[in-house]
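Here's a quick walk through one structure, written for someone who likes to check backbone angles and charge pairs by eye. Have the viewer open as you read.

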Amino acid sequence: NASPSSTPCPICDTTMVIHEQLLGKTWLLCPECALLMAHTSSKQLKQLDKGEPSGAKQPPTSLVHKREYTFCRRFIDGLGAKNVLNYGAGWSLVPEALRARGIDAVGCDLWRPLIEQRKKNGGENNYFHRDDLPDRRFSLISAFEVFEHFTNPLKDMRVLVDHLNDPGAIVGSSDFWHGGSLAHHPSQDFSYWKHGTHIIAWTWKSMMAAARRLGLH
């Protein structure tokens, strides 16, 4: 494993520097693209790449589900999109809600037992593991509260790009980093950054750098 002081940025390959020790994590900063990422061993990365069983297990009335559904509807109406990939769907009811509106909505996640259960309840062709996604493209890809989990940002984002129509849109949310210590983040929610699978704090600069690398606008 690379030591914290010799870790290359997963976006631009610049050597990252230690930003701070906080909430049981060593946070590394890329001086070039401003990505903030927790130093994680290769063993931990392999575990994280399997997803988590609780994946978005929130009640249907929770903010995260309402937000995803609202934004999906806005983009569907604006783009005239007829198909949607809900990436990182977890236990969300958003795919079902969209299908009830006549939208071809497919859910995707990393935790295989979760996907198998969703297939049983929601249809064999309506849910897929990331590695088993069919060779098709979507006009809209939603990834809400997902980007902070990416273990290999460019590789993980490439999955989205490879399944995106041209033209098409990727829409989502993540708690961005605004500089300084995460202890002073505007959300004042320490549980967010302490969460075991929240390993990336994006900035606008790092998101734009990743987008450029992938040919996105």
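Arg67 is partly exposed in this predicted model, with a relative accessibility of 26%. Its side chain meets that of Glu145 in a salt bridge, 3.0 Å from N to O. Arg67 sits in helix H2 and Glu145 in the loop between E7 and helix H5 (153-162), so this pair ties together parts that are 78 residues apart in sequence. Glu145 is partly exposed too, at 21% relative accessible area; the cut-off for buried is under 20%, so Glu145 falls on the partly exposed side.

How many salt bridges does a search of the whole structure find? The count is ten. Another of them joins Asp132 and Arg112, whose closest N and O atoms are 3.0 Å apart. Here Asp132 comes from the loop between E6 and E7 while Arg112 belongs to helix H4, so the link ties together parts that are 20 residues apart in sequence. Then there's Arg158 with Asp162, at 3.8 Å from N to O. These two are four residues apart in helix H5, which means about one helical turn separates them. Asp49, Arg130, Asp131 and Asp156 are joined into one network by salt bridges that share partners.

Here are the accessibilities for two of those pairs:

| Residue | Relative accessibility | Class |
|---|---|---|
| Asp132 | 41% | partly exposed |
| Arg112 | 40% | partly exposed |
| Arg158 | 33% | partly exposed |
| Asp162 | 36% | partly exposed |

Now for the sheet. Five strands form an open sheet in the order E6-E5-E4-E7-E8, and the pairing is parallel. Strand E6 (127-129) and E8 are the edge strands, each pairing on one side only. On average, neighbouring strands in this sheet are turned by 20° against each other, ignoring direction. If you want one pairing to zoom in on, try strand E4 (residues 83-87) with strand E5 (residues 104-109): they run parallel and share five bridges. One contact to pick out is Tyr87, whose bridge partner in E5 is Cys108.

Two helices lie across parts of this sheet. Helix H2 (residues 63-79), the one carrying Arg67, lies across E4, strand E7 (138-144) and E8, and runs at about 160° to E7. Helix H4 (residues 112-122) lies across E5 and E6, with an angle of about 160° to E6.

The backbone has a few spots for your Ramachandran plot. Which bond joins Asp166 and Pro167? It's a cis peptide bond, with omega at about 5°. Pro167 is part of strand E8 (residues 164-173), one of the edge strands mentioned above.

Positive phi turns up at Asp13, about 75°, even though this residue is not a glycine. Asp13 lies in the segment before strand E1 (17-22) and is exposed, with a relative accessible area of 56%. Ala34 has a positive phi as well, near 70°, and is likewise not a glycine. Its place is the loop between strand E2 (25-29) and strand E3 (36-38).

Ala34 also has a partner to look at: leaving out residues up to four places away in sequence, Thr203 touches Cys33, Ala34, Phe176 and Trp177. Is Thr203 buried or exposed? With a relative accessible area of 9%, Thr203 is buried. Thr203 is found in the loop between strand E9 (200-201) and helix H7 (204-213).

Key
Residues numbered from 1 in each chain as written. Predicted model: local features only at pLDDT ≥ 70, side-chain atom pairs only at ≥ 80, totals over all residues. Heavy atoms only, no water. Buried < 20%, exposed > 50% of the residue type's maximum accessible area, 1.4 Å probe, protein only. Pairing = 2+ DSSP bridges. Axes fitted to C-alpha atoms, helices over the stretch in contact; angles between N-to-C directions. Contact = heavy atoms within 4.5 Å. Salt bridge = Lys/Arg side-chain N within 4 Å of Asp/Glu carboxyl O.
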